[in-house]
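Q: I'd like to learn how to read a protein model feature by feature. Could you walk me through this one?

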Amino acid sequence: MAQKVVLKVLTMTDDKTKQKAIEAAADIFGVDSIAADMKEQKLTVIGLMDAVAVVKKLKKVGKVDLISVGPAKEEKKEEKKEEKKEEKKEEKKEEPKK
């Protein structure tokens, strides 16, 4: 199951260090997606990888704080909500026909 790792890279202040952090995270086996937020100095890594390996690799770029590790279920929840909304709309349309 895919997991979501959120890290704070304290040295990620400019585009050069941001690119180094992204490249370091991309080197890890099992990474599906990487998102970097320069304003909050956060790096979000999603995939089937070891969180310890991510931190170990990013320590070469600079100081890293691990914020959270958890399942990457947000995408699935949004899809389910959309399906439920569609089902409710269909049910409402069917009721007046009776």
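A: Happily, and confidence comes first: pLDDT is the predictor's confidence in each residue, from 0 to 100. Here the mean pLDDT of the protein is 81, and 74% of its residues reach 70 or more. This is a predicted model, in which local features need pLDDT of at least 70 and side-chain atom pairs count only at pLDDT 80 or more, while totals for chains, interfaces and linings use all residues. Residues are numbered from 1 along each chain as its sequence is written, and side-chain values use heavy atoms, with hydrogens and water left out.

Q: Where is confidence lowest, and where is it highest?

A: Helices (H or I, at least four residues) and strands (E, at least two) are DSSP runs, numbered from the N terminus. Confidence is lowest in helix α3 (residues 74-94), with a mean of 54, and highest in β3, with 93. Where pLDDT is low, the predicted coordinates should not be read in detail.

Q: How do I read strand pairing, and which strands does β3 run antiparallel to?

A: Two strands pair if DSSP finds at least two bridges between them. Six bridges join β3 to β1, and the two run antiparallel. β2 and β3 are also antiparallel, joined by six bridges. G47 of β3 is the bridge partner of Q3, and G47 is the bridge partner of V31 too.

Q: Is β3 enclosed or open to the outside?

A: For burial, use relative accessible area: buried means under 20%, exposed over 50%, and partly exposed in between (1.4 Å probe, protein chains only). Five of the six residues of β3 are buried, so this strand is largely enclosed by the rest of the structure.

Q: What is there to see at Q41, in the hairpin of β2 and β3?

A: Start with the backbone: the hairpin has four residues between its strands, and Q41 takes a positive phi near 60°. Q41 belongs to the loop between β2 (31-37) and β3 (42-47). With a relative accessibility of 17%, Q41 counts as buried. For its surroundings, read contact as heavy atoms within 4.5 Å. Not counting residues up to four places away in sequence, Q41 touches L7, K8, V9, L10, M12 and T13.

Q: Which residues of helix α2 are buried, and how are they arranged around its axis?

A: In α2 (residues 51-58), the buried ones are A51, V54, V55 and L58. Seen down the helix axis, they fall within an arc of 95° (taken from the directions from the axis to the C-beta atoms), so they line one face of α2. The face turned away from that buried side carries the exposed residues V52 and K56. Among the elements covering the buried residues of α2 are β1 (3-9), α1 (15-26), β3 and β4 (64-71).

Q: How many salt bridges are there, and what counts as one?

A: Side chains of opposite charge can pair when their charged atoms come close. The rule asks for a side-chain nitrogen of Lys or Arg within 4 Å of a carboxyl oxygen of Asp or Glu, and by it the count comes to three. One of them links D27 and K57, whose closest N and O atoms are 3.8 Å apart. D27 sits in the loop between α1 and β2 and K57 in helix α2, so the pair ties together parts that are 30 residues apart in sequence. D27 is exposed, at 58% relative accessibility, whereas K57 is partly exposed at 28%.

Q: What about the pairs K42 with E40 and D65 with K63?

A: K42 and E40 form a salt bridge with their closest N and O atoms 3.4 Å apart. K42 is partly exposed, at 28% relative accessible area, and E40 is partly exposed at 43%. For D65 and K63, the closest N and O atoms are 3.7 Å apart; D65 is partly exposed at 31%.

Q: What does the side chain of T17 reach?

A: A polar contact is a pair of N or O atoms within 3.5 Å; within protein, one must be able to donate a hydrogen and the other to accept it, and residues adjacent in sequence count only if both atoms are side-chain atoms. The T17 side chain reaches the backbone nitrogen of T13 at 3.3 Å. T17 is part of helix α1 and is buried, at 18% relative accessibility. Beyond neighbours within four places in sequence, T17 is in contact with T11, M12 and V61.
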